[in-house]
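Student: I would like to go through this model with you, starting with charge pairs and ending with overall form.
Tutor: Go ahead; here is the entry.

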Amino acid sequence: MVEVQIDKIVSALQNAKQPQSEFVKLMDSFKDPYLVLISCILSLRTNDKTTYPATLRMLELAKTPQEMMEVNVEDLSNAIYPVGFYKNKAEQIIELSKEIVEKYSGIVPNSIEELCKFKGVGRKTANLVMSLGFGEPAICVDVHVHRIFNRLGYIKTKNPEETEFALRKILPLKHWIPINTLLVTHGQNVCKPIKPQCEKCPIVKHCNKYF
């Protein structure tokens with residue numbers, strides 16, 4: 001079993017400068033909890049190539065909860081099509097926006113517990129809002145983060161939620177915010193679910209799956 005040296009892994013991924021999807025770049029640029037929240041909702045069960053232009057079309061209609069609650073559901077549905085479950089997501093985003101305005105005075109709550117009270121918002125989305133929107137240490141675990149950390153042998157978990165809580169115990173705090181972007185990018189380019197490109201992997205020497 002190889003030794004998993006997390007500082008060296010993070011450094012190698014940062015130095016590799018793998019190409020990021022346009023959606024990942026957009027999310028990293030927001031620094032706005034509301035925009036992170038509604039864009040993350042769009043991205044669920046949809047690939048980045050589809051989500052990116054849909055997000056831009058959505059933001060042409062509204063960029064604040066006050067604006068979004070006034071948008072017609074059909075107009076939003078048409079704008080975000082063809083993201084997965086686009087009709088449900090349009091209704092969810094508008095209702096969520098109304099709730100933010102009416103219950104939270106138009107301000108997105110800054111706690112995972114409160115964020116998870118919104119219909120359809122799970123820990124993955126809540127953690128992403130905390131980290132990218134509020135700049136607070138939080139570990140957003142999607143399929144890429146779950147898959148890669150298990151392949152490395154850094155953890156041994158069965159699902160993303162288990163992975164989040166396992167990482168909270170052992171991952172240095174300084175890596176909490178950047179780790180999602182790094183591993184999503186690595187997962188999209190190299191460490192793919194099927195036929196990972198181990199021959200071009202910058203962290204292969206740390207990987208228990210390879211050795």
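Student: With which residue does Lys174 form a salt bridge?
Tutor: This is a predicted model, in which local features need pLDDT of at least 70, side-chain atom pairs count only at pLDDT 80 or more, and totals for chains, interfaces and linings use all residues. Residues are numbered from 1 along each chain as its sequence is written, and side-chain values use heavy atoms, with hydrogens and water left out. A salt bridge here is a side-chain nitrogen of Lys or Arg within 4 Å of a carboxyl oxygen of Asp or Glu. The closest N and O atoms lie 3.6 Å apart, and the partner of Lys174 is Asp7.

Student: How many residues apart in sequence are the parts that Lys174 and Asp7 tie together?
Tutor: Helices are DSSP runs of H or I with at least four residues, strands are runs of E with at least two, and numbering starts at the N terminus. Lys174 sits in the loop between α11 (160–170) and α12 (179–189), whereas Asp7 belongs to helix α1 (residues 6–16). The pair therefore ties together parts whose separation in sequence is 167 residues.

Student: Is Lys174 buried or exposed?
Tutor: Buried means under 20% relative accessible area, exposed over 50%, and partly exposed in between (1.4 Å probe, protein chains only). Its partner Asp7, at 40%, is partly exposed. Lys174 has a relative accessible area of 59%, so the class is exposed.

Student: Which residue forms a salt bridge with Glu95?
Tutor: Glu95 lies in helix α7 (residues 86–104), and its partner is in that helix too, 3 residues apart, about one turn. Glu95 is partly exposed at 46%, and the partner is also partly exposed, at 29%. The closest N and O atoms are 3.7 Å apart, and the partner is Lys98.

Student: Which residues are joined with Arg168 into one salt-bridge network?
Tutor: Arg168 pairs with Glu164, the closest N and O atoms being 2.9 Å apart. Both are in helix α11, 4 residues apart, so about one helical turn separates them. Arg168 is partly exposed at 27%, while Glu164 is buried at 2%. Salt bridges that share partners join Arg168 with Glu164 and Arg123.

Student: How many salt bridges does the structure hold?
Tutor: Side chains of opposite charge can pair when their charged atoms come close. The Lys174–Asp7 pair is one of the salt bridges, and the total is 6.

Student: Which residues does Thr51 touch, leaving out those up to four places away in sequence?
Tutor: Thr51 is found in helix α4 (residues 48–61). Its relative accessible area is 0%, so Thr51 counts as buried. With contact taken as heavy atoms within 4.5 Å, Thr51 touches Phe23, Ser39, Leu42, Ser43, Thr46 and Val83.

Student: How many helices and strands does the protein have?
Tutor: Along the sequence the pattern reads α-α-α-α-α-α-α-α-α-α-α-α. The secondary structure comes to 12 helices and 0 strands.

Student: What is the radius of gyration of the protein?
Tutor: The radius of gyration is taken over C-alpha atoms, and the globule rule is 2.2 Å times the number of residues to the power 0.38. The C-alpha trace spans about 55 × 30 × 30 Å along its principal axes. For 211 residues a compact globule would have a value near 17 Å, which agrees with the protein's 18 Å.

Student: What percentage of the contacts with a separation of 6 or more is between residues 24 or more positions apart?
Tutor: Of the 211 residues, 50% count as buried. For the contacts asked about, the share is 62%.
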